Structure formats: C-alpha cells, structure tokens
Amino acid sequence: MNWFSKLLPKKEKESKDPMKKFLIVGLGNIGIEYVNTRHNIGFKVLNHFANKENISFQAAKLGEIAEYKTKGRTLLLLKPNTYMNLSGKAVKYWMEKENIPKENILIITDDLNLSFGTIRIKTKGTDGGHNGLKNIQLLLNTSEYPRFRFGISDEFKKGKQIDYVLGDWNEEEKIKLPERLEIASLIISSFALAGLSETMNIFNGK
C-alpha cells in the first residue's frame, strides 16, 4: 500500500474511477550531480509543478510520488529512481498498481531534436533514440502512450552528446527556463482536465 492510499477511507478507494486518475512521469536521473542537467528536465518540470501547487514528494517503490487533486481528478506525479535507462520499470509498476490506462499517462522527457524550450506533445511515437522512452516502450510493449517532449536543442560537437545532455544549462537557457517551466505546469493540468487532444491544440509549438 502506498503512502497516500492510507489517507483514503476504504469505501472511497474502492469507488475511485480509474479514468479520472492520471500518472504524470518526469524522466531523469537521481543524484545531486544530475539535478540541473538537461537530461533531467522531466524531474525539473514535476518539481516546478509540485512547488507551485504546494505538494511534496514522498519516497515510494521505484521512485518518488506526489499526489495532486483537482476538479475530481487525481494526478500522481512520479520521478523514477531507476535511472533513465530503466524508467519503464517504474512506469509499469505504478500503472498496474494504480490501475491507470496508458492513455492516462504522460511521459515528460528531453528531446535533442527540438530547439530549446520547444514543446511537442504527441499521442504516440518512436523512442527517437532516447533510452528512457526505449525502456518504457519495451516494458509496456507499445509506443502508443502520450508523451511531452521538451526541446533541449543539439548544440554540441560531434562525439559530445553525452556530455551535452548530462551538462548544465547555459546562461541564456537559465534565463528562459522559468517561463518554459510555467508553461509545462499548465500542460500537466490541461492534460488531466481538458484532455490530450485539446492540450495538443493549445500548447504544441508554444
């Protein structure tokens, strides 16, 4: 039993509609050395949302979980502690434990193929060479799940990709990041309240 389930009366838990429960997953790596890296934008987005809504993360199986309720919806925010390459293990566990269908999950990840801060929300897609998405696809046995790609650009020299994604934001990016994180928080709320299609219409390209 997870930490927040203990807070709910048994009758209420049994009556919860799984279609009104959402799993929002931010991809990243645990450890202080990764906190401000480009590859950890998923964690950074969830931290921003949690701070904005005054909720906190608690240690749980395969990651940290925070719960946010709004207008009849329950959002479970997950930061896997499996490291990026095994993200699917945590995603699959919490989907099954909380009976959340794949259309109600949103995976937040960095994307080298998009310019910095560019937002791309999709209903499905390939892993694009991203090891976190690759593992999620492998363990869920599908590429058809919603994902929110956050552009980090590809301004690195040949052979320096790992150093780049595991590197810190440059000064210009640091200035622009707060505004991008605010939009990302709005996307999370919109996904749960307005649905994926409407969220795509509103925010793609912003």
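Biologist: What percentage of the area exposed by the chain is supplied by carbon and sulfur atoms?

Modeller: This is a predicted model, in which local features need pLDDT of at least 70 and side-chain atom pairs count only at pLDDT 80 or more, while totals for chains, interfaces and linings use all residues. Residues are numbered from 1 along each chain as its sequence is written, and side-chain values use heavy atoms, with hydrogens and water left out. By the Shrake-Rupley method with a 1.4 Å probe, the chain exposes about 10400 Å². The part supplied by carbon and sulfur atoms is 50%.

Biologist: What radius of gyration does the chain have, and why does it agree with a compact globule?

Modeller: The C-alpha trace spans about 55 × 30 × 30 Å along its principal axes. For 206 residues a compact globule would have a radius of gyration near 17 Å, by the rule of 2.2 Å times the number of residues to the power 0.38, taken over C-alpha atoms. The value for the chain agrees with this: 16 Å.

Biologist: Which residues of helix α3 are buried, and on how wide an arc do they lie?

Modeller: Helix α3 (a DSSP run of H or I, at least four residues) covers residues 87–97. Its buried residues (under 20% relative accessible area, 1.4 Å probe, protein chains only) are Ser87, Gly88, Ala90, Val91, Trp94 and Met95. They lie on the same side of α3, because the directions from the helix axis to their C-beta atoms cover an arc of only 160°.

Biologist: Which residue with a positive phi follows α3?

Modeller: The buried residues of α3 pack (heavy atoms within 4.5 Å) against elements including β1 (21–26) and α4 (131–140). After α3 comes a residue with phi near 55°, Asn99.

Conventions
Buried < 20%, exposed > 50% of the residue type's maximum accessible area, 1.4 Å probe, protein only. Helix = DSSP H or I, 4+ residues; strand = E, 2+ residues; numbered from the N terminus.
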